[in-house]
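Here is a short note for someone opening this structure for the first time. Please read the points with the model in view.

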Amino acid sequence: MSVVQEEHVLVVPTELFRDCGYFQGFTADTTAYLDRLLDPLQTSYRPRGLMEEDPSFKQLIPYCIFQHTADDGTVHVFGYTRGKGQGESRLHSKRSVGIGGHISTLDLDSDSVYDRGMQRELDEEVKINTAYNSHLAGLINDDSNEVGKVHLGVVHVFDCESPDIQPNEDDICEAGFQPVEKILSDIERYETWSQICLKAIYGG
């Protein structure tokens with residue numbers, strides 16, 4: 001009988017993050033962090049189950065936001081409800097505007113482990129049926145709850161030519177683009193990271 005190997009995810013010491021400059025919430029100043037946090041001499045791969053309960057390490061998570069500007073100039077953002085099959089049980093049934101997940105040992109055979117991991121997560125979760133430009137928007141840190149204490153988000157914004165993003169998993173539910181104003185009016189339904197990003201990027 002074969003034994004299923006537990007996923008090992010990329011982590012950095014929380015102390016290193018603090019040494020780069022501690023913040024709570026959102027920062028657009030990524031240059032002070034990413035070169036050091038993604039230095040292979042600083043990263044390691046550890047069992048995900050242990051890391052979910054160990055705030056002495058931060059799991060680095062690409063957090064990708066898809067936006068589309070309509071002909072009338074209104075900005076729409078892709079959002080969805082997390083189903084019970086999504087990895088982080090503490091976020092089930094929450095609304096989210098972020099697509100992405102853990103970098104893991106699956107991504108090691110690559111020149112850029114981080115980029116490979118982000119692309120793998122995107123391919124698993126959504127079908128991108130439109131041209132887009134993407135940029136690095138900032139970082140999220142939220143130590144106000146147990147999930148946030150063990151994760152650090154790297155926020156990427158995808159500016160899509162058309163609003164043609166489709167779920168690729170059954171657990172990405174009630175998915176689609178909505179005007180930013182509508183999302184902001186219902187922001188309490190969203191997971192904390194989404195709330196932080198929406199307020200920082202769209203002025204909610």
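1. Start with F26. The side chain is partly exposed, with a relative accessible area of 23%. That value is above the 20% under which a residue counts as buried. Bear in mind throughout that this is a predicted model. F26 sits in strand 2, residues 25-27. Residues beyond four places away in sequence that touch F26 are A137, G138, L139, I140, V155, I196, A200 and I201. For a sense of span, take Q166, which is 140 residues from F26 along the chain. The two C-alpha atoms are separated by 27 Å.

2. Next, the main core. Which residues have the most contacts inside the largest nonpolar core? They are Y33, L37, F66, F78, I99, L122 and I165, in a core of 29 residues. Several elements give two or more residues to this core. The helices are helix 1 (14-21), helix 2 (34-37) and helix 4 (113-125). The strands are strand 1 (8-13), strand 4 (57-69), strand 5 (75-82), strand 9 (151-160) and strand 11 (172-179). As background, nonpolar side chains in soluble globular proteins tend to be buried together.

3. Look at F66 within that picture. Leaving aside residues up to four places away in sequence, F66 touches H76, V77, F78, I99, L122, V126, I128, F158, C160, I165 and F177. A second core is separate and has 18 residues. Y63, I65, I140 and I196 are among them.

4. I61 is another residue of strand 4. Is I61 buried or exposed? I61 counts as buried, because its relative accessibility is 7% and the cut-off is under 20%. Beyond four places in sequence, I61 touches G101, H102, H151, L152, G153, V154 and W193. H151 lies 90 residues from I61 along the chain, yet their C-alpha atoms are separated by 6.9 Å.

5. Strand 11 deserves two looks. I172 is in this strand and counts as buried at 4% relative accessibility. Y190 is 18 residues from I172 in sequence and 14 Å away in space, C-alpha to C-alpha. E174 also lies in strand 11. In contrast to I172, which is buried, E174 counts as exposed, at 57% relative accessibility.

6. Check the backbone at E174. Its phi is positive, about 50 degrees, although E174 is not a glycine. Most residues other than glycine have a negative phi. A second positive phi, of about 70 degrees, is found at G203, just after helix 7.

7. Helix 7 itself covers residues 192-202. Which of its residues are buried? W193, S194, Q195, I196, C197, L198 and Y202 are. Two of these names come up elsewhere. W193 is touched by I61, and I196 belongs to the second core.

8. Now the cysteines. How many disulfides does the structure hold? The count is 0. For C20, the nearest cysteine sulfur is that of C197, 19 Å away. C20 is buried, with a relative accessible area of 13%. For C64, the nearest cysteine sulfur is again that of C197, here 11 Å away. C64 is buried as well, with a relative accessible area of 0%. Neither distance is within the 2.5 Å that a disulfide needs, so C20 is in no disulfide and C64 is in no disulfide.

9. The second largest pocket comes next. About 180 Å³ of space lies in it. What lines this pocket? The lining is L10, L38, P40, T43, Y45, L108, D111, S112, V113 and Y114. By class, that makes 7 nonpolar, 2 polar and 1 charged residues.

10. Last, P47. This residue lies in strand 3, residues 44-47. P47 touches E6, E7 and H8, not counting residues up to four places away in sequence. Q5 is 42 residues from P47 in sequence and 9.5 Å away in space, C-alpha to C-alpha.

How values were computed
Residues are numbered from 1 along each chain as its sequence is written. This is a predicted model: local features need pLDDT of at least 70, side-chain atom pairs count only at pLDDT 80 or more; totals for chains, interfaces and linings use all residues. Side-chain values use heavy atoms; hydrogens and water are left out. Buried means under 20% relative accessible area, exposed over 50%, partly exposed in between (1.4 Å probe, protein chains only). Helices (H or I, at least four residues) and strands (E, at least two) are DSSP runs, numbered from the N terminus. A nonpolar core is a set of buried Ala, Val, Leu, Ile, Met, Phe, Trp, Tyr and Cys residues joined through side-chain atoms within 4.5 Å. Contact means heavy atoms within 4.5 Å. On a 1 Å grid over the protein atoms alone, a cavity is a set of points where a 1.4 Å probe fits but cannot get out, and a pocket is an open set with protein on both sides within 12 Å along at least five of seven lines; lining residues have an atom within 4 Å of a point. Grid points are joined across faces, edges and corners, and a volume is the space filled by probe spheres set on the points. Ala, Val, Leu, Ile, Met, Phe, Trp, Tyr, Cys and Pro count as nonpolar, Asp, Glu, Lys and Arg as charged, and the others, Gly among them, as polar.
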